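Welcome! Take a moment to look over the sequence and the model below, and then let us walk through them together.

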Amino acid sequence: MSFNRTTGKSLCIFGPDNRFRKFCWNVTHHRVFSVLLYITIIVSLIPLFYYSPLNDPESVQERNMVIISTVTAVIFLIEALLKIIAQGFLFNYEGSYLRNAWNIIDFLVVLTNVVDLTLVYYGMEQKLVFLKTLKCFMIFRPLRFIGKTKDLRVATESLLSAIPSILKM
């Protein structure tokens, strides 16, 4: 896909003709990038299957889950940064990153992953127990897969739009 869908400066730094911004656009719209994201989304679900508040935080399994979560969180953070640079964050044009509902979900997942992993690495997750509620945002990880797959996204949006009609019956 060619670079032709942006206007204004992204993050007040990268103009529409900026080489790095064009590079970010081409990367985020490349088929290989999409496939790698699908794989990363599936891998990011592994810790969800094993997560339990009763797990021993010192166990090998728990450490492996933290490694998987860290790697996938870094990949998702890089994805978000590339898209934000390519599309603009919010105020560039209709196609800006946060003007898409699926990207808002992605951004919330990335943000909660970064906060959660920061707490884990600094050993603060036990002291700030009330922030464990951030773990509930992990359920949005599967929605990333729906948001990235056009057919699933259309089906999901159709189902959601039909709910009010169903409730009126």
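## An all-helix chain

Read from the N terminus on, the elements of this chain run α-α-α-α-α-α-α. That makes 7 helices and 0 strands. Please keep in mind that the model you are looking at is predicted.

Two overall values help to set the scene. The chain has 169 residues, and 34% of them count as buried. If you take the contacts in the chain with a separation of 6 or more, residues 24 or more positions apart account for 59% of them.

## Helix H4 and its partners

A good place to begin is helix H4, which spans residues 60–87. Two packed helices are described by the angle between their axes and the distance between the axes. The table gives these values for three pairs that include H4.

| Helix pair | Angle between axes | Distance between axes |
|---|---|---|
| H1 (residues 19–28) and H4 | roughly 125° | within 8 Å |
| H4 and H5 (residues 101–121) | about 135° | 9 Å |
| H2 (residues 31–44) and H4 | roughly 145° | within 10 Å |

Let us take H1 and H4 to begin with. Their axes cross at roughly 125°, and H1 and H4 are therefore oblique to each other. H1 passes H4 in a left-handed crossing. On the H1 side, the contact is made by Phe20, Arg21, Cys24, Trp25, Val27 and Thr28, while H4 brings Leu82, Lys83, Ile85, Ala86 and Gln87. Sorted by class, this contact of H1 with H4 holds 7 nonpolar, 2 polar and 2 charged residues.

Next comes H5. H4 and H5 pack at an angle of about 135°, and H4 and H5 are therefore oblique to each other. Their crossing is left-handed. From H4, the residues that meet H5 are Val66, Ser69, Thr70, Ala73, Phe76, Leu77, Glu79, Lys83, Ile84 and Gln87. Their counterparts in H5 are Asn103, Asp106, Phe107, Val110, Asn113, Val114, Leu117, Val120 and Tyr121. By class, the contact of H4 with H5 divides into 11 nonpolar, 5 polar and 3 charged residues.

Now for H2. The crossing in which H2 passes H4 is left-handed. Here Phe33, Leu37, Thr40, Ile41, Val43 and Ser44 of H2 meet Ile68, Thr72, Ile75, Phe76, Glu79 and Leu82 of H4. The residues in the contact of H2 with H4 comprise 8 nonpolar, 3 polar and 1 charged.

## A charged pair in H4

Side chains of opposite charge can pair when their charged atoms come close. How many salt bridges does a search of the whole structure find? The search finds 1 salt bridge, and the side chains that meet in it are those of Glu79 and Lys83, at 3.3 Å from N to O. Both residues lie in H4, 4 residues apart, which is about one turn of the helix.

Are Glu79 and Lys83 buried or exposed? Glu79 is buried, and Lys83 is buried too. You have already met this pair above: Glu79 and Lys83 are among the H4 residues that meet H5. Glu79 also takes part in the contact with H2, and Lys83 in the contact with H1.

## A few residues to look up

Ala86 has its place in helix H4. This residue is buried, with a relative accessible area of 0%. Ala86 and Asn18 are 68 residues apart in sequence, and their C-alpha atoms are 9.7 Å apart in space.

For a look outside the helices, go to the segment before H1, where you will find Leu11 and Cys12. Leu11 is not a glycine, yet it has a positive phi of about 55°. Cys12, which is not a glycine either, has a positive phi of about 60°. Leu11 is partly exposed, with a relative accessible area of 40%, whereas Cys12 is exposed, with a value of 70%.

One further stop is Asn55, in the loop between helix H3 (46–50) and H4. Asn55 is partly exposed, with a relative accessible area of 25%. Leaving aside residues up to four places away in sequence, Asn55 touches Tyr50 and Glu62.

Conventions. Residues are numbered from 1 along each chain as its sequence is written. This is a predicted model: local features need pLDDT of at least 70, side-chain atom pairs count only at pLDDT 80 or more; totals for chains, interfaces and linings use all residues. Side-chain values use heavy atoms; hydrogens and water are left out. A salt bridge is a side-chain nitrogen of Lys or Arg within 4 Å of a carboxyl oxygen of Asp or Glu. Helices (H or I, at least four residues) and strands (E, at least two) are DSSP runs, numbered from the N terminus. Buried means under 20% relative accessible area, exposed over 50%, partly exposed in between (1.4 Å probe, protein chains only). Axes are lines fitted to C-alpha atoms, for helices over the stretch in contact, and angles run from 0 to 180 degrees between N-to-C directions. Angles under 35 degrees count as roughly parallel, over 145 as roughly antiparallel, 65 to 115 as roughly perpendicular and the rest as oblique. A crossing is left-handed if the near helix is turned anticlockwise from the far one by less than a right angle, and right-handed if clockwise. Contact means heavy atoms within 4.5 Å. Ala, Val, Leu, Ile, Met, Phe, Trp, Tyr, Cys and Pro count as nonpolar, Asp, Glu, Lys and Arg as charged, and the others, Gly among them, as polar.
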